[in-house]
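This note sets out a few points on one helix and its neighbours, for a colleague who has not yet seen the model.

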Amino acid sequence: MRKHRPNAPYRPYDDHSAMTILLCLCLSIAPQAPVDPLFAEDKAFHFASSFAATTLSASLGRMAGLEPREAALTGAAAAGLIGIAKEVHDARSPAGHASLRDLLWNSAGIAAGTAVMLQVD
């Protein structure tokens, strides 16, 4: 900070304030991460596709001779792997991004599909 000269008016914003304001403006217009709302159309798709993958895989397990509980858990594992693979693909693609919220909705669909398959004999 400069020393105040007796005859010169004191301007407290002279020092580095202009550069600080410019830096703040530059940082505020930087590209932001994409918005990922908790409730959106793609979240319903994640839920439905995980539910379908779970029930389909479990049904195939039943057709192959697995017990109901084993088939339901196999379906859950298969759908979980599919959901994780999709998020890894999204993370590696230039235009995509992985989302924990997508995995949350995948998990909800898997849980619902597993609950349904555990009720089916």
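Which residues of helix 2 are buried?

1. The buried residues of helix 2 (under 20% relative accessible area, 1.4 Å probe, protein chains only) are Lys43, His46, Ser50, Ala53, Thr54, Thr55, Ser57, Ala58 and Gly61. These buried residues pack against helix 3 (68–92) and helix 4, with contact taken as heavy atoms within 4.5 Å.

2. The model is predicted, with local features needing pLDDT of at least 70, side-chain atom pairs counting only at pLDDT 80 or more, and totals for chains, interfaces and linings using all residues. Residues are numbered from 1 along each chain as its sequence is written, and side-chain values use heavy atoms, leaving out hydrogens and water.

3. Helix 2 has 23 residues and spans 33 Å from first to last C-alpha, close to the 33 Å expected at 1.5 Å a residue; the expected span is 1.5 Å times one less than the number of residues. Gly65, with a positive phi near 105°, follows helix 2.

4. The axes of helix 2 and helix 3 (lines fitted to C-alpha atoms over the stretch in contact, with angles from 0 to 180 degrees between N-to-C directions) come within 7 Å and cross at roughly 140°. Helix 2 is therefore oblique to helix 3 (oblique covers angles that are not under 35, over 145 or 65 to 115 degrees).

5. Helix 2 (residues 41–63) and helix 4 (residues 100–119) have axes that come within 7 Å and cross at roughly 35°. Among the residues making this contact are Phe47 and Phe51 of helix 2 and Trp105 and Met117 of helix 4.

Terms used: Helix = DSSP H or I, 4+ residues; strand = E, 2+ residues; numbered from the N terminus. Buried < 20%, exposed > 50% of the residue type's maximum accessible area, 1.4 Å probe, protein only.
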